[in-house]
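Me: Could you take a close look with me at one part of this protein, the nonpolar core? I am new to reading structures, so please go step by step.

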Amino acid sequence: MKKFEFTPFHAPESLYALNEELLAAEDLRGANLIMAFTGFSDAGQVVTQIAGELVDHLDHEPVAIFDIDQLIDYRSRRPRITFAQDHLSDYKAPSLLLYRMTDALGTPFLFLYGNEPDLQWERFSSAVLGLIERLDVNLVSWVQSVPMPVPHTRPIGATVHGNRPELIEGISAWKATMEIPAAIGHVLELKLAEAGRNVVGYAIHVPQYLADAEYPPAAVAGLEFLGAAASLMLPSERLREAGRAVERQITEQVEASSEVAAVVTNLEKRYDEHTEGISRKSLLAGDNDELPDADELGAAVEAYLASRDGGSQSETETQSKSGPEGGLG
């Protein structure tokens, strides 16, 4: 019996407008793609911060603009607007775009960023997969962030998933099976894997007590995971500096409250008990588990790219930057 499968009733291609000239550029064929969607799980505003750094610091231009009016339920997720004394301004219209970007080393890549669609997930997924097939994307990586019972005094962890074992194994220590609320990133990852496309996703762990605030160290960790997976030099210096300032503020607040200090101490104890004896992999961390600065990271990426061009690829087994693992949503 012939298998009957659902396909969107309306052509997925009608969901977006294309920059055909840019789409035809040879340097985009086989490039890597990063995805980041706001509106689902953005603990510590990690996704928002990562997207801001990429858009603000890297050259970019749109390859495809999605028809957001077909994808967003405005009344359930109302955009923000500013009332300034006697007039309105700064309407923050939702958007969803596929950008062409170049990293700090001049390497082109694709960045799909914007509001997670409320509607037409099947059609949107078909549209994205069609663009990925047309551009013959090498690897799709995406990021989200989740609140976790971990202390801010320990390295930022992540739960990693996808179909590229060399990017997954040795990072997530705890592997559970559970049913979770799906996000469009999950759906795209599933469909990409079914289509035989390379895909990896990172759920960055943010301390629960910092999940509602902007937490730059977690965004830095997200950029490091994405950069290592896609062989890209992504900007993080501003976030590193902001993270140092935030860490000083948190330390002052913890020291000022014995109750808060006790909570953090308890989380540290649980974290240390969970990670004792666990050694995990990081392509970026050094022998002392300290992450490199921008110059060191640039040199590491250049060496990594050179090794790939030479037909070999090495990995460094180091003490992990990952912490206790949790759910994806």
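To set the scene, about how much area does the protein expose, and what share of it do carbon and sulfur atoms supply?

Reply: Happy to help! Keep in mind that this is a predicted model. The protein exposes about 16800 Å², and carbon and sulfur atoms supply 50% of that area. Turning to the inside, 48% of the 329 residues count as buried.

Now for the part you asked about. The largest nonpolar core is made of 45 residues. Within this core, Phe111, Tyr202, Ile204 and Leu234 have the most contacts. The element that gives the most to the core is helix H6, residues 216-230, with nine residues.

Let's zoom in on Tyr202. Setting aside its neighbours within four places in sequence, Tyr202 touches Trp142, Val143 and Gln144, and also Thr159, Val160, His161 and Leu167. Its other contacts on this list are Phe225, Leu226 and Ala229. Apart from this core lies another one, of 34 residues, which includes Leu33, Leu129, Leu135 and Val199.

How does this fit the whole chain? Among contacts with a separation of 6 or more, 83% join residues 24 or more positions apart. The protein has nine helices and 10 strands. Strand E3 (residues 60-66) pairs in the antiparallel sense with strand E1 (residues 16-18) over three bridges, and Leu18 has Ala64 as its bridge partner in E3. E3 also pairs with strand E6 (residues 96-102), again in the antiparallel sense, over five bridges; there, Pro62 has Tyr99 as its bridge partner.

Conventions: Residues numbered from 1 in each chain as written. Predicted model: local features only at pLDDT ≥ 70, side-chain atom pairs only at ≥ 80, totals over all residues. Heavy atoms only, no water. Core = buried A, V, L, I, M, F, W, Y, C linked by side-chain atoms within 4.5 Å. Buried < 20%, exposed > 50% of the residue type's maximum accessible area, 1.4 Å probe, protein only. Helix = DSSP H or I, 4+ residues; strand = E, 2+ residues; numbered from the N terminus. Contact = heavy atoms within 4.5 Å. Areas by Shrake-Rupley, 256 points an atom, 1.4 Å probe, with all protein chains shown as cover. Pairing = 2+ DSSP bridges.
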